[in-house]
Structure formats: C-alpha cells, structure tokens
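Colleague: Could you take me through the pockets of this model, with a close look at the largest pocket? I would like to know what lines it and how the second largest pocket is built.

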Amino acid sequence: MHMRPAKPIKKDAGTGTKTPKARVGECALLKAVTVTRTGAFMDCGLDRDLLVPVSQQLTPMLEGHYYVVYLFLDPSQNVIGTTKLHKFLDEHARNMTPGEAVDLMIVSESELGFKAVVNGTHLGLLYRGEVFTPLKPGDRTRGYIKTIRDDGKIDLSLQKQNQQARDELSERIIAFLESSGGVSTLTDYSPPELIYRQFGVSKKNYKKALGRLYKERRISLEKDRIRLLQA
C-alpha cells in the first residue's frame, strides 16, 4: 500500500508552482488520502499532504472521504488541520446585524439543518425547513444573517429578510399572475419545493407575501388557486 508522507507541512515549506487549497486561518474541503494511527493525511494541493491529527478530528476520518478542514499552526509552527472548527471559529455574533449579507461555506448536515462557516470567521446554522436547494459540505453560497439568538448564536437564511425583499416578492407574485392570465395554482398549500423553484423563497415567506397582497385586496385566495383582482 502506498503511504503518504508522515510529516506535517512546515510553515516555511516550499510550494513551488503549486497552489494550496487553503492557507493558515482558512477552511477548505479536503480529501483524506491516507488514514493512520497518527491521523489523516489530506490532499491540500501540495506535494506534502496536510496532517489532521486524531486529536483534531471531530469524528474519526475515513480514507477517501471529504471533510471541511481549518488550517492552523501547532506549537512547533507546523501547519496542521482540524475538523473541530468550533475551537477556532466564533459561534457567537460579533459586529453582525440581522439582514446582513454574508459568504457561507457549508460544513455539515444534521437533523436541524446545515452548519456553515460565515465570512470565514464564524459558525452559523441554516435550518432545514428553509433550504430548498441541494447543499453539501464544501459548497459556497451567498446568505444572510436571519437572526441573532439571545445566546449570541447565528441563524442564517439563503434569502433576504428585510422589507425591500418582501416588497420585491409581492411584486414578483403580481407579475407572475399577470403573465399567467391572472390565475395561479401556486397557493399557500403548495409544496415548498414548487414555491422555491418558482420564486426562490421559503413557503413561510411566500405565505406572508400572499397574506399581505390579500389584505391589500390585490388578490383573492382560494384553496386551489389565487386570482389577481382588477384595480
């Protein structure tokens, strides 16, 4: 069996013309190419693989699998990796506000939803019930700070949450009705996937927009359809 180098990357190790997949202080999706008693060696784009010691593995790593890894310097100034991101990334909001646009990197999936790295410095959560597009570890996407909980932890959304976004959604619904002869079967009873496919929003936000348009007497609501009312 071919064994990878059993030494961690040195801080001053030459990289030649190769470009590393991540640098110290960054996260990247890396493949475990060799797993030993010492730890897992990850393909980081250089000649020498990146070591993730057993002590730095959130769960035991498996050869051939991909993991989101954070790179840092150990006491000997070797570059090593960890999947214990919570030790290096802040799980509590600092200088963030609801509605703020952020860059996300998906880390893992759980029953609640998807853990994500926020702006490369924080960790937050996308709730499963509000995600209607396929996501997997390593995916990068634009997102928004949905709420900051009382304990400071960050809830995320893939959709804008401000008034402007709600206004835009209302007008998009009206435009959709106008282009559909004034009638749509996409109601507040429709599957979330269909709503997301058409408008790119959660069912919750869609229902709120319909309720608003109904109160403004711009549409009528029926169980199996909505109708555009004439002004």
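**The largest pocket and its lining**

Modeller: Happy to! The helix to start from is α1, which gives the most to the lining of the largest pocket, with six residues. Please keep in mind that this is a predicted model.

Along the chain, α1 spans 163–179, and α3 covers 203–215; each of these helices supplies at least two residues of that lining. The pocket they help to line has a volume of about 360 Å³. Its lining counts 20 residues, and the closest to the pocket centre are Q159, K160, A165, R166 and N205. Sorted by class, the lining of the largest pocket holds nine charged and seven polar residues, along with four nonpolar ones.

Now for the second largest pocket, whose volume is about 270 Å³. Here the elements to look at are strands: β5 (66–73) and β7 (101–109) each bring at least two residues to the lining. Of the elements, β5 gives the most, with three residues. In total, 13 residues line the second largest pocket, and those nearest its centre are L58, V68, T83, V107 and S108. As for the classes, eight residues of this lining are nonpolar, four are polar and one is charged.

To put the two linings next to each other: the largest pocket has nine charged and four nonpolar residues, whereas the second largest pocket has one charged and eight nonpolar residues.

Notes
Residues numbered from 1 in each chain as written. Predicted model: local features only at pLDDT ≥ 70, side-chain atom pairs only at ≥ 80, totals over all residues. Heavy atoms only, no water. 1 Å grid on protein atoms, 1.4 Å probe; cavity = no way out; pocket = protein on both sides within 12 Å on 5 of 7 lines; lining within 4 Å. Points joined across faces, edges and corners; volume = space filled by probe spheres on them. Helix = DSSP H or I, 4+ residues; strand = E, 2+ residues; numbered from the N terminus. Nonpolar A, V, L, I, M, F, W, Y, C, P; charged D, E, K, R; others polar.
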